[in-house]
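Reader: Please choose one part of this model and take me through it closely. I am a first-year student, so explain each term as you go.

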Amino acid sequence: MRISDLIAQYIEEEIQRSSGSVHLSRSELADRFSCVPSQINYVLSTRFSPEHGYCVDSRRGGGGYIRITRVKMTR
C-alpha cells in the first residue's frame, strides 16, 4: 500500500470517528507517516476535494490546522 493510501485511510477513519468533521495538523500527520507536509497536501487535493464530497479548510504556519468536513451531495 502506498503512503498516500495510508494517509487517506487514516484521515477517512478520523472523519468517521468524529461524525463527519475533523481538525488535523499537517505537521503532525507528516510526522506520523514520516513524510513531508507536501505529501499531505497532495492527498488532500486528490482525495478530499469537493468533487469527492469534502470541504477542506486549512491555515498554514506554526499554529496551522486542516479542517475536513464531509458534505452531502445533492443531484
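Author: What follows is a close look at helix α1, then at the parts around it.

This is a predicted model, so local features need pLDDT of at least 70 and side-chain atom pairs count only at pLDDT 80 or more, while totals for chains, interfaces and linings use all residues. Residues are numbered from 1 along each chain as its sequence is written, and side-chain values use heavy atoms, with hydrogens and water left out.

Start with the labels. Helices (H or I, at least four residues) and strands (E, at least two) are DSSP runs, numbered from the N terminus. Helix α1 covers residues 3–17.

Now check its length. The expected span of a helix is 1.5 Å times one less than its number of residues. α1 has 15 residues, so it should span 21 Å. Its end C-alpha atoms are 21 Å apart, and that agrees.

Next, which residues of α1 are buried? Buried means under 20% relative accessible area, exposed means over 50%, and partly exposed lies in between (1.4 Å probe, protein chains only). The buried residues of α1 are Ser4, Ile7, Ala8, Tyr10, Ile11, Glu12, Glu14 and Ile15. Look at the spacing with one rule in mind. An α-helix has 3.6 residues a turn, so residues three or four places apart point the same way.

What covers these buried residues? The cover includes strand β1 (21–24), helices α2 (26–32) and α3 (37–47), and strands β2 (54–59) and β3.

Take three residues of the helix in turn. Serine 4 lies in α1. It counts as buried because its relative accessible area is 4%. Contact means heavy atoms within 4.5 Å. Leaving out residues up to four places away in sequence, serine 4 touches Gln39, Tyr42, Val43 and Arg47.

Isoleucine 11 is another buried residue of α1. With the same neighbours in sequence left out, isoleucine 11 touches Leu24, Leu29, Val43, Leu44, Phe48 and Ile68.

Glutamate 14 is also in α1. Its relative accessible area is 18%, so glutamate 14 is buried. A polar contact is a pair of N or O atoms within 3.5 Å; within protein, one must be able to donate a hydrogen and the other to accept it, and residues adjacent in sequence count only if both atoms are side-chain atoms. One such contact, of 3.3 Å, joins the side chains of glutamate 14 and arginine 17.

Now the core. A nonpolar core is a set of buried Ala, Val, Leu, Ile, Met, Phe, Trp, Tyr and Cys residues joined through side-chain atoms within 4.5 Å. The largest one here holds 18 residues, and Ile11, Ile40, Phe48 and Ile68 touch the most other members. Two or more residues come from each of α1, β1, α2, α3 and β3. The largest share, five residues, comes from α1.

Where does the chain go after the helix? Serine 19 follows α1, in the loop between α1 and β1. Its phi is near 60 degrees, a positive value in a residue other than glycine. Serine 19 is exposed, because its relative accessible area is 72%. Serine 34 also has a positive phi, about 50 degrees, although it is not a glycine. Serine 34 sits in the loop between α2 and α3. At a relative accessible area of 69%, serine 34 is exposed.

Then come the strands. Two strands pair if DSSP finds at least two bridges between them. β1 and β3 pair in the antiparallel sense over four bridges. Within β3, isoleucine 66 is the bridge partner of leucine 24. β2 and β3 are antiparallel too, paired over six bridges. Here arginine 59 stands opposite tyrosine 65 of β3.

Histidine 23 is in β1. It is exposed, at 52% relative accessibility. Beyond residues up to four places away in sequence, histidine 23 touches Ile66 and Arg67.

Finish past β3 (65–70), in the segment that holds valine 71. Valine 71 is partly exposed because its relative accessibility is 34%. Its contacts, apart from neighbours within four places in sequence, are Gly53, Tyr54 and Cys55. Cysteine 55 is itself partly exposed, at 42%.
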